[in-house]
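This report describes the fold of one protein chain, from its sheet and helices down to single residues. The sequence and structure come first.

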Amino acid sequence: MLVLAIDTSTPAVTAGVVSLSAPSPNTESPNTESPDAVETLAVRVTVNPRAHAEVLTPHVLECLAEAGITPAELNAVVVGVGPGPYTGLRVGMATGAAFGDALGVPVYGVCSLDAIAAAVPTTQSLLVVTDARRREIYWARYDGGVRVEGPAVNSAGDVDPSPSTLIAGSASHVDFFDLPVDPAETPSPAGLVTVAAREILAGSAPAPLEPLYLRRPDAKTLAERGK
């Protein structure tokens, strides 16, 4: 299956085309299956928190061209739904929804922190952090690849690192914690698709796209300002 993956939950504007294959029987252990095969065919990343709207669609088109496929050949779309800033998430989710609607394919929303965790090959307790601005971080904790705490938004000083033995995420925020660092910084197309792989392969109907803002946007309407 061919999957378009999009994430705009961080300053990185990410798009990619990923090939997803169903697991095959494990010949060494007949009662088990091999993992889903996730192969990145093309990826584009621009780190610019002000360029989400300008570069995302060109990134998608470039990825399709590099992968040698047309939009009509896509089987699904996966979008990171945050946590992240209001404006960035809107761009990514609206773009993903538009492609899904135009092509008549399902659009799966996944937690962007889960996508970072999916790219970290460890069974350790993992802490994932990204920039929430206002001197705060978005964070979640994972055991054996499964999220056990979060997502949440707090100041770094209010997040207890002690249960975790490894950290991944924003390069400018992992140093707040005295933990070994994995190089995964932002959601990758392969990580995004890995999180949604079971649903995609099963043909499950996706849940409605719901952004994980975790707090209200900075912009306010006139009525809200009056209150």
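Which strands does helix H4 lie across, and at about what angle does the helix run to S2? The model is a predicted one. In it, helix H4 (residues 189-202) lies across S1, strand S2 (12-21), S3, S4 and S5. The direction of H4 makes about 45 degrees with S2.

**Overall make-up**

The protein contains five helices and nine strands. Read from the N terminus, the order of elements is β-β-β-α-β-α-β-α-β-β-β-β-α-α. Of the 227 residues, 43% are buried. If contacts are taken between residues at least 6 apart in sequence, 64% of them join residues at least 24 apart. The exposed area of the protein is about 11,300 Å², and 52% of that area comes from carbon and sulfur atoms.

**The five-stranded sheet**

Five strands form an open sheet with mixed pairing, in the order S3-S2-S1-S4-S5. Strand S3 (37-47) and strand S5 (107-110) are its edges, each pairing on one side only. From one strand to the next, the twist averages 20 degrees. In general, the strands of a sheet are paired by backbone hydrogen bonds, in either a parallel or an antiparallel sense. Here, strand S4 (residues 76-80) is parallel to S5, and four bridges link the two. Within this pair, Val 78 is opposite Tyr 108 of S5.

Helix H2 (residues 86-103) also packs on the sheet, where H2 touches strand S1 (2-7), S4 and S5. The directions of H2 and S4 make an angle of about 170 degrees. The loop between S4 and H2 holds Pro 83, and the peptide bond that joins Gly 82 to Pro 83 is cis.

**The hairpin of S7 and S8**

Strand S7 (residues 136-143) and strand S8 (residues 146-154) run antiparallel and are joined by six bridges. Trp 139 has Ala 152 in S8 as its bridge partner. Two residues lie between the strands of this hairpin, and Gly 144 has a positive phi near 60 degrees there. S8 also includes Pro 151, which follows Gly 150 through a cis peptide bond.

Beyond S8, the loop leading to strand S9 (166-169) contains Gly 157. Is Gly 157 buried or exposed? Gly 157 is exposed, because its relative accessibility is 73% and the cut-off for exposure is over 50%. Its C-alpha atom is 9.0 Å from that of Glu 136, although the two residues are 21 apart along the chain.

**Backbone exceptions**

As a rule, residues other than glycine mostly have a negative phi, and peptide bonds are mostly trans. The table lists backbone angles that depart from this pattern.

| Site | Feature | Angle |
|---|---|---|
| Gly 82 and Pro 83 | cis peptide bond | omega about 15 degrees |
| Gly 150 to Pro 151 | cis peptide bond | omega near 5 degrees |
| Arg 134 | positive phi, not a glycine | phi about 50 degrees |
| Arg 135 | positive phi, not a glycine | phi near 60 degrees |

Arg 134 belongs to the loop between strand S6 (125-133) and S7, and Arg 135 is located in the loop between S6 and S7 as well. Arg 134 is partly exposed, with 48% relative accessible area. Arg 135 counts as exposed because its relative accessibility is 83%.

**Buried residues of note**

Asp 114 sits in helix H3 (residues 112-118). Which residues does Asp 114 touch, not counting those up to four places away in sequence? They are Tyr 142, Arg 147 and Val 195. With Tyr 142 there is a polar contact between side chains, at 2.6 Å. The relative accessible area of Asp 114 is 14%, so the residue counts as buried, the limit being under 20%.

Two cysteines are buried by the same cut-off: Cys 63 has a relative accessibility of 0%, and Cys 111 has a relative accessible area of 6%. The structure has zero disulfides.

Conventions:
Residues numbered from 1 in each chain as written. Predicted model: local features only at pLDDT ≥ 70, side-chain atom pairs only at ≥ 80, totals over all residues. Heavy atoms only, no water. Disulfide = S-S within 2.5 Å. Buried < 20%, exposed > 50% of the residue type's maximum accessible area, 1.4 Å probe, protein only. Pairing = 2+ DSSP bridges. Axes fitted to C-alpha atoms, helices over the stretch in contact; angles between N-to-C directions. Contact = heavy atoms within 4.5 Å. Areas by Shrake-Rupley, 256 points an atom, 1.4 Å probe, with all protein chains shown as cover. Polar contact = N/O pair within 3.5 Å; in protein donor to acceptor, adjacent residues only side chain to side chain.
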